[in-house]
Each structure stands twice: as structure tokens, then as C-alpha cells.
Amino acid sequence: MMILALAAEVSALRERLDSHERLAAAGRPPAPEFVESYSPTEAVEADRAAARRAMIDRITRVLLEPDCVRVRASSESSE
Amino acid sequence: MPVPQSHHAMLIEETHDERARDAFIASLREFTMAEVYPRLRSLYTDVLAPRHAERHGGAPASVDAVRSVMEDSPFYMGYSLLVRGTQELLWDTVGEAVERQLPALITKAATLGAGKGSLTLDESLSLPNYTAAVDIHVMPGGFHTDITENDVFAGALYDRGVHLFAFGGLGPLNDELGVATAAAVRNRFPGFAPERVLDLGCGAGHSTLPLAEAFPGAIVHGVDLGAPMLRYATARAAALDHAIHFSQQDATRTNFPDASFDLITSTLLLHEMPRPAILALFRECHRLLRPGGIMAHHDLLRWPDEPFDAFMMAWTTRHNNEPYERASGTLKFPDDCVAAGFDASDVFVVAQPGAYLEEVYQVSGIRGARKRREGGK
């Protein structure tokens, strides 16, 4: 739970940084009011969804790599 | 998230960072159900069940045997931590945003009023123990707890929270199950035109508004135990310009006179009730229906027999505060409807596999019965 909450914070921080960068690229100051009113396009939303997925893949890799599932299962039999 | 939530006047406003946290939670939910959940089956089928067979001469033959195999698996533990942790994080995250703006939401609800509908609360209503005893699906305070005067917290929390839970799969207005219920009734009974409709356990009204849309001209009522849900539902219906009459009542013993309704529905209600309460609900439906009237309940259709499937179906019972879920899946159709007064030949079942959790809720659909007219159908 704590790790998931921390991951949500990191993800939110990444998206805030992304908003800053996109505002800067558009020549607008990355001030809080501009960040709050920034409305991502569908393409930006898709990029962010892909970034979230990549982050979740990294966080859960130890659980999900195909070999890990079986290695963990086989390690149980030797215990 | 694949489907953004439609804005309406009662939906919470979120900051940039709150929206970002929401998006992460929805992504994590979707990932867990789409990527992690299916691997449990392959781990069991390819590794754990064969190993059990080697040691014990056969695959696990009971739910308890499956449990002993699965609960020792680090992968299963990891899955459980992900699902439970995401569930808690979801309510915490949305709850923080709701609390921040709760006074404004209460003011909005007062300003919107009931629109073309109405709201009748009953402070004397005693909550059934089965509801009071547990915060269903780990939602803090459940559907019924008032945390302040004229509270709408539970409704605001559920409206946003269930959208993230389903990673948008319930549609922009969280109403696709209600839409499906209405469509199933219309398809099954062509020409059926109810004048009076009742939605039981209506919650925030997600399944109630589609009934008003599907049956124009009908007078639509919704009942629920939870005052904060009903206050929210009333304001939400007004914001979306629907005339719904909400009242705080126990669906198993309402104050409506006999033969008050042509159509009575529920959506995701039965699985929140123990078996005796469901049977009382069916009896109440029979009492409230006019001859020729229809009850239609959208929920689990059955409970799996195969031990692994049954074990996995019961995950939410073990770990997500869904103590009664098995009761709805193991109802006896048509017998339980017959016991409530319906005729066995008037009972119907419409499979409606869940669109957003097909793998998990492949056994959902609409079940119900039509009340016989005197002297025939």
C-alpha cells in the first residue's frame, strides 16, 4: 500500500513535470495557474498512459517476468 | 484511461495532481486485471496443480485444496497485495479530493435541489445489520455514513471512485450496466411500456437515470439505505435534467402500496445482500409489482463449480469486504422466485458478460421474473 501510494505520487510528479515541459515548449511560463489549467490533448494523454504503463511494468517486473512466476513457484517446492 | 468521465455539476473538481493520481490508479487497476490476473490461472494450471497431482495423486479437488496451493504462492500474494492496495489507494485518493471540497459540494446540492424529481429521507430508518457491519468493498463509511450535515460524501466518493475502479469501463456516466438492464427488458418484452418504475439500491443513480431514458414518460423512483448517496443522487439527477423520485428506504420492506410498479430493477445490489435479505427482496418485488409487471436484477448469474474458478471468485469475499457475494451467485432460479410468488415459467435469465472485466465477471447478467396476470400470462 505504501509503495503503491508512493508510486502514484511519483507518477503525478512525472506528469506535472511533463506539463511544465509542454508549457515551456509552447512558450508559456510553468506557473501553477498554467499547470492547473493545462488541458492535455488526446495524443498527450496517450503518451502519458504509455509512460504510466511502462512505470508499472518496471515496478512489477520482479513479480511478472515469465521466468519469475515459475522460478518463484519452483522455489516453493524446494522449501 | 480509455473512457473519460463525463462532467456534470456534482462531479468533484480535481487539481492537476489529483487527476494524475487518479490516472495512475486506473492504469494500475487495468494492468492488474488484464495482465496479472490471467497469469494466476496459468500458474495454477501449468505449475501448481500438476505439482499437487504429483504429490497427492490428483489435482486439487476442492476450494480448500486450491486455497492451500495458491495462498502459499508468492505470485498470488503479490496479486492480492496489488488489488487490495489499489483499492485502498483509490478510496484514499478520491476521498482526499472529496473532503477538500465537501462544503462546496453540499452547497451545490442544495442549489440544484431535486429539479423535476424529489427526495424523501427517513432519519428513523434502521440500517440492517448486514449493511452496518461492513464497509462494502473497503469504501470508508460504506454507502450510508453521514460525516456532516446534509452530507454527500459517499455519493461523491462512489461516483468518481467506481469510474476509476472500472478504469472507465462503466461508461462516461457510469451507467452502462443500467443501460444494459433496460435494453435487456425491452428486448425480452417487446412493447413493454412501464408507467411506474422502481430502482432498488439505486446508490448515486447510475442505473436509475437510464431507466428514465429507456422508458420516456414513466415515473421513476429510486430507493437506497444511504442518505449521503441519495442526496448526491438527487442533485446529480437534477444536474443531468432527469425527474427521479428518490427515497431512503429498505428495499426489502418499502412503504409503497401493493401493485405500485410495472418494472422493478436493481443493479449490483443482490451481491451486497445475504441470502435471507435477497429472498425478502424478491417477495417485496412480487408485492409491489402490478400483474404483468417485471422485476430485473443485474448481478452475478452463477457461482463457478470448478474449484479454481470458485476460489478466485471468492477473492473479493476474502480480501475486499464483499462477504455476501456468493449468496447472489448461488441463488436458485427459478425456485427462489417461485417462493416469492412468481410462476416458474415466468422467470428469465439474460447473460450479459461484463464488458470491462470479462475475464472476472463473465458470469454476470440480468435475472428476473414477470408477475402473472390473473387467469393467465
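Is Ala327(B) buried or exposed in this predicted model? Ala327(B) is buried, with a relative accessible area of 15%. The legends below begin with this residue and then turn to other sites and to the two chains.

**Figure 1. Surroundings of Ala327(B) in helix H13 of chain B.** The relative accessible area of Ala327(B) is 15%, under the 20% limit, and the residue is therefore classed as buried. Beyond the neighbours within four places in sequence, Ala327(B) is in contact with Met273(B), Pro274(B), Arg275(B) and Ile278(B). Asp305(B) is 22 residues from Ala327(B) in sequence, and the two C-alpha atoms are 14 Å apart in space.

**Figure 2. The cis peptide bond between Phe333(B) and Pro334(B).** The omega angle of this bond is about 10°. Pro334(B) is placed in the loop between helix H13 (325-329) and helix H14 (335-338) of chain B. Helix H13 is also the element in which Ala327(B) lies.

**Figure 3. Positive phi angles in the loop between helices H6 and H7 of chain B: Phe167(B) and Asn174(B).** The loop connects helix H6 (153-165) with helix H7 (176-188). Phe167(B) is not a glycine, yet has a positive phi of about 35°. For Asn174(B), likewise not a glycine, phi is positive at about 55°. Phe167(B) is buried, with a relative accessible area of 7%. Asn174(B) also counts as buried, at 5% relative accessibility.

**Figure 4. Strand S3 of chain B and its pairing with strand S2.** Strand S2 (residues 196-200) and S3(B) run parallel and are joined by five bridges. Within this pairing, Leu200(B) has Val223(B) as its bridge partner in S3(B). Of the six residues of strand S3 (residues 219-224), five are buried, so the strand is largely enclosed by the rest of the structure.

**Figure 5. Contacts of Thr267(B) in strand S5 of chain B.** Strand S5 covers residues 261-267, and Thr267(B) lies in it. Thr267(B) is buried, with a relative accessible area of 13%. Leaving out residues up to four places away in sequence, Thr267(B) touches Leu177(B), Gly178(B), Thr181(B), Leu200(B), Ser207(B) and His298(B). One of these residues, Leu200(B), is the bridge partner of Val223(B) in S3(B). Another, Leu177(B), is 90 residues from Thr267(B) along the chain, with 7.0 Å separating the C-alpha atoms.

**Figure 6. Tyr79(B) and its contacts with residues of both chains.** Tyr79(B) lies in helix H3 (residues 74-100) of chain B. The side of the partner list that belongs to chain A holds Leu63(A). From chain B, the residues touched are Thr32(B), Met33(B), Val36(B), Tyr37(B), Leu40(B), Met312(B) and Trp315(B), with residues up to four places away in sequence not counted. Tyr79(B) is buried, with a relative accessible area of 3%. Ala314(B) is 235 residues from Tyr79(B) in sequence, and the C-alpha atoms of the two residues are 14 Å apart.

**Figure 7. Overall organisation of chain B, the setting of the preceding sites.** Chain B contains 14 helices and eight strands. The radius of gyration of this chain is 21 Å, close to the 21 Å given by the globule rule for 377 residues, so chain B is as compact as a globular protein of that length. The C-alpha trace spans about 65 × 60 × 35 Å along its principal axes. Among the 377 residues, 60% count as buried. Of the contacts in chain B with a separation of 6 or more, 79% are between residues 24 or more positions apart. The accessible surface of chain B is about 14,600 Å², and carbon and sulfur atoms account for 52% of that area. Chain B carries 33 positive and 48 negative charges, whose mean positions are 5 Å apart.

**Figure 8. Chain A, with four helices and zero strands.** Read from the N terminus, the elements of chain A follow the order α-α-α-α. Of the 79 residues in this chain, 32% count as buried. Residues 24 or more positions apart provide 39% of the chain A contacts with a separation of 6 or more. Chain A exposes about 5,000 Å², of which carbon and sulfur atoms supply 60%. Leu63(A) belongs to this chain and is among the residues touched by Tyr79(B).

Technical notes:
Residues are numbered from 1 along each chain as its sequence is written. Chains are lettered from A and ligands numbered from 1 in the order in which they are written. This is a predicted model: local features need pLDDT of at least 70, side-chain atom pairs count only at pLDDT 80 or more; totals for chains, interfaces and linings use all residues. Side-chain values use heavy atoms; hydrogens and water are left out. Helices (H or I, at least four residues) and strands (E, at least two) are DSSP runs, numbered from the N terminus. The radius of gyration is taken over C-alpha atoms; the globule rule is 2.2 Å times the number of residues to the power 0.38. Buried means under 20% relative accessible area, exposed over 50%, partly exposed in between (1.4 Å probe, protein chains only). Contact means heavy atoms within 4.5 Å. Accessible areas come from the Shrake-Rupley method with a 1.4 Å probe; for residues, only the protein chains shown count as cover. Lys and Arg count as positive and Asp and Glu as negative; His and the chain ends are not counted. The place of a charge is taken as NZ of Lys, CZ of Arg, CG of Asp or CD of Glu. Two strands pair if DSSP finds at least two bridges between them.
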